[in-house]
Amino acid sequence: MLLKKQTVWLLTMLSLVVVLSVYYITSPEQKNNDLAAVQQKAKDQNQGKTKTEAKDGKTVVSSVAGDSAFEELRMKLEDLRSEHQEELTTQLASTDLSADERSKVKDQMNKLNKVAQSEELLETFIKTMGFDDVLVRADGPKVIVTVKSKKKPSASEANKIMLEVKKEIDETNYVAVEYQPAK
């Protein structure tokens with residue numbers, strides 16, 4: 001039996017739709033659906049003021065009181081990372097490096113980007129647990145999570161946060177959860 005081109009085309013498209021439908025149904029749950037709503041809610045609820053000082057590439061949290069503290073910290077961390085990224089890009093552009101050294105610099109750049117993405121993902125996920133604002137700072141094997149909430153801090157929530165951090169960032173040896181009261 002000889003099929004026409006249109007029939008073959010139709011059968012191909014139908015089979016593609018079926019395969020994609022099965023893939024969509026069996027794929028893991030997507031977390032990006034509520035990302036925009038969570039980010040907007042976080043911007044609306046930003047409170048508190050925290051100062052940071054950069055010493056040898058590390059960030060120090062010193063005081064709390066006022067608006068947009070976490071945003072300021074995020075911006076300062078982003079500035080430090082972008083400076084580090086720029087230094088790595090300059091090294092990569094250098095013609096003096098061997099192929100192995102270029103590969104190491106490229107790996108450092110990838111790791112820096114991965115850490116930033118992991119922090120953002122963790123902040124979004126932890127906010128969905130019902131907290132007003134969250135700041136995640138990863139520095140090598142050390143991760144500090146600062147959570148702002150109106151409710152009373154509990155050990156079980158801190159444990160959930162620690163488990164999520166360890167799932168997302170494999171190299172962590174130390175995870176600290178700090179609570180700050182929201183006003």
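This is a short tour of one predicted model, stop by stop.

**Whole chain**

Start with the full chain in cartoon view. Its secondary structure comes to 5 helices and 5 strands. From the N terminus, the order reads α-α-β-β-α-α-β-β-α-β. Now switch on the surface. The accessible area is about 13000 Å², and carbon and sulfur atoms account for 56% of that. Of the 183 residues, 29% count as buried. Take the contacts between residues at least 6 apart in sequence: 48% of them join residues at least 24 apart.

**The largest nonpolar core**

Select Ile126, Val136, Val143, Val145, Ile161 and Val165. The largest nonpolar core has 16 residues, and these six touch the most other members. Next, color the elements that supply at least two residues each to this core: α4 (99-127), β3 (133-139), β4 (142-149), α5 (155-168) and β5 (174-181).

Center on Val165. Leaving aside residues up to four places away in sequence, Val165 touches Leu122, Val143, Val145, Thr172 and Val175.

**Salt bridges**

Show the charged side chains. The structure holds 8 salt bridges. Three are visited here.

*Lys127 and Asp133.* Select this pair. Their side chains meet in a salt bridge at 3.7 Å, N to O. Are the two ends buried or exposed? Lys127 is buried, at 14% relative accessible area. Asp133 is buried too, at 1%.

*Arg137 and Glu178.* Move to this pair. The N to O distance in their salt bridge is 3.9 Å. Arg137 sits in strand β3 and Glu178 in strand β5, so the bridge ties together parts that are 41 residues apart in sequence. Check the cover at each end. Arg137 is buried, with a relative accessible area of 10%. Glu178 counts as partly exposed, at 35%.

*Glu164 and Lys167.* Go to helix α5. Here the side chains of Glu164 and Lys167 form a salt bridge at 3.5 Å, N to O. The two residues are 3 apart in the helix, so about one helical turn separates them. Glu164 counts as buried, at 18% relative accessibility; the cut-off for buried is under 20%. Lys167 is exposed, at 60%.

**Last stop: a network**

Which residues do shared salt-bridge partners join into one network? Select Glu71, Arg74, Glu123, Lys127 and Asp133: salt bridges that share partners link these residues together. Lys127 and Asp133 are the pair from the earlier stop, with their side chains meeting at 3.7 Å, N to O.

Terms used. Residues are numbered from 1 along each chain as its sequence is written. This is a predicted model: local features need pLDDT of at least 70, side-chain atom pairs count only at pLDDT 80 or more; totals for chains, interfaces and linings use all residues. Side-chain values use heavy atoms; hydrogens and water are left out. Helices (H or I, at least four residues) and strands (E, at least two) are DSSP runs, numbered from the N terminus. Buried means under 20% relative accessible area, exposed over 50%, partly exposed in between (1.4 Å probe, protein chains only). Contact means heavy atoms within 4.5 Å. Accessible areas come from the Shrake-Rupley method with a 1.4 Å probe; for residues, only the protein chains shown count as cover. A nonpolar core is a set of buried Ala, Val, Leu, Ile, Met, Phe, Trp, Tyr and Cys residues joined through side-chain atoms within 4.5 Å. A salt bridge is a side-chain nitrogen of Lys or Arg within 4 Å of a carboxyl oxygen of Asp or Glu.
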